[in-house]
Amino acid sequence: MGFMRTRVLLVDDDPVYAMIMRKLLRVHNFHAHCESFNNGLSAVEYLEERCMGGELTLIFLDLNMPILDGWEFLERIENFASPENAGVIVVSSSVNDNDVKYAKDSRFVVDFLSKPVLGEHLEGLMLKINDRFGISL
Amino acid sequence: MVVRNGLMDLDFFTEGLNKSVSSIQFTVAEDFDEAQSLISAGKEFDTIVIDLSDAKFKFNEISLQINILSQQASTVVLASERHYRRISEALPSGEAGCLIQKTATPGELRKAILCAEKISRLNHAVSASELRFKKLFNSYPAMIFICDPDTGKFLDVNESAVSQLGYSRKEFLAMQLKDLSTSLREKGSLFGHRVFGGENAESLTQIEKFSTKNGEILDLQIVFMPFKAGGKDVDMLLATNVSSKIKQGRIIEIQNQRFDNIAWTQSHIVRAPVARLMALINIFRNGMIDDSERRAILDHIYESAEEIDELVRGIALASNNAKKN
């Protein structure tokens, strides 16, 4: 598909977990830098201005958040983003099968990772991203 | 039975009739009183032939007598020419059961008897069918309301309706559907066919709220069947009390909602600090932190453990309170 740039967003209201995720992504060479947001609304507002063709946006999304939760976020991005250039990786403490099922019903969701996310999870995720968007990070 | 009324030439009559119908056995009553006595004594007859060819009688009285006797068996009357029309009209079998005495032949009499018997058999079959329907109607375990489609007025109800809703049949017949059904009243609908899909409704089911005489509100599952009775459109509503089923369903719904809430709390509230704790230990163990971060990570680990402790205590407290309530 030939993306000119890849943008990574981390959307989680738990600052400690956001810090852990940033470390994991960096250590596992996933991406050098990512933007962090502590609720879905600020991430939506950020993306509305920037989500465009030619750029791939990967969003690590928590589900249970104040202001705008992960589910609402998935609904809102339908208005301006396309699954062609935006992929969501749900990162949640939930181990509920229904949450996994509903999340995967969204055409944006690439994978559902249950916290705690480990290095091997990210390796598997890279393969899925490669399959979906034809890029290696 | 032949009711002579002192008129009939019995020898001639029986002789003539026996030629046509050899199996017929006669019992002769001289007048209406004797005929009544025989019936009261338990005698049963297939046909009653009454000779009324003499004009000396009061029509109203005779008409009453004919009606009484015709309820016992099929009736054939031999009338004078003058009274033929009036007597025909008074008989349940009409002209088929009435002959002009002067001109009647045994063959015509035989024909009239057979015809009257046939009509009588059919009437009995209809009565038996009506009786069976009535029995079924009243012994049917579901409530049945027969209503006027134009006014919603109850025209008939079965015993189940009386016993389950507590109103007497007389009270029902003084009311309309909307008087008993709170939900139909709220919808502003008075009548069955308008509620159940308009004039073209054939057979539909829905649940409506009905109040019993003692004020209890029941959920009735109603099957609506419009049909014709005596050439008139009526609404038949078959109603089953599904209140307990609905209540049970609501209890299950509430329980499922509670289970969903528990699952959500476990996944998002209880498991969040657990997952954070595991993730912190993971980065600590895998050397992903430098010395300057060590103290902060240990603090996060302790805070997460405290958060878990607080949640577990909160759950225990809520559980104890729930048991008390």
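**Close-up views of salt bridges and a chain contact**

**View 1. Arg295(B) and Asp299(B) meet in a salt bridge.** In this predicted model, the side chains of Arg295(B) and Asp299(B) pair up, with 3.6 Å from N to O. Both residues sit in helix α12 of chain B, and because they are four residues apart, about one helical turn separates them. Look at how open each partner is: Arg295(B) counts as exposed, at 61% relative accessibility, while Asp299(B) is partly exposed, with a relative accessible area of 31%. As a reminder, side chains of opposite charge can pair when their charged atoms come close.

**View 2. Asp291(B) and Arg294(B) form another salt bridge in helix α12 of chain B.** Here the N to O distance is 3.6 Å. The two residues lie three residues apart, about one turn of the helix. Is Asp291(B) buried or exposed? At 61% relative accessibility, Asp291(B) counts as exposed. Its partner Arg294(B) is partly exposed, with a relative accessible area of 38%.

**View 3. Asp233(B) reaches Lys228(B) in a salt bridge.** The closest N and O atoms of this pair are 3.0 Å apart. Asp233(B) is partly exposed, at 46% relative accessibility, whereas Lys228(B) has 56% and counts as exposed.

**View 4. Three residues of chain A share a network.** Which residues are linked here by salt bridges? They are Asp12(A), Asp62(A) and Lys115(A). Over all chains, the count of salt bridges comes to 18.

**View 5. Chain B meets chain A.** The contact is built from 19 residues of chain B and 20 residues of chain A. Among the residues of chain B, His268(B), Arg271(B) and Met288(B) supply 35% of the area that chain B buries against chain A, more than any other three residues. Together the two chains bury about 1600 Å², and 64% of that is on carbon and sulfur atoms.

**View 6. Salt bridges and polar contacts join the two chains.** How many salt bridges are counted between chain B and chain A? The count is two. In one salt bridge, Lys23(A) pairs with Glu293(B), and their closest N and O atoms are 2.7 Å apart. Nine residue pairs are in polar contact across the interface. On the side of chain B that touches chain A, α11 (243-285) and α12 (291-324) each supply at least two residues. The largest share comes from α11(B), with 14 residues. Sorted by class, this side of chain B has 12 nonpolar, four polar and three charged residues.

Terms used. Residues numbered from 1 in each chain as written. Chains lettered and ligands numbered in written order. Predicted model: local features only at pLDDT ≥ 70, side-chain atom pairs only at ≥ 80, totals over all residues. Heavy atoms only, no water. Contact = heavy atoms within 4.5 Å. Buried area = accessible area lost by both parts, 1.4 Å probe. Salt bridge = Lys/Arg side-chain N within 4 Å of Asp/Glu carboxyl O. Polar contact = N/O pair within 3.5 Å; in protein donor to acceptor, adjacent residues only side chain to side chain. Nonpolar A, V, L, I, M, F, W, Y, C, P; charged D, E, K, R; others polar. Buried < 20%, exposed > 50% of the residue type's maximum accessible area, 1.4 Å probe, protein only.
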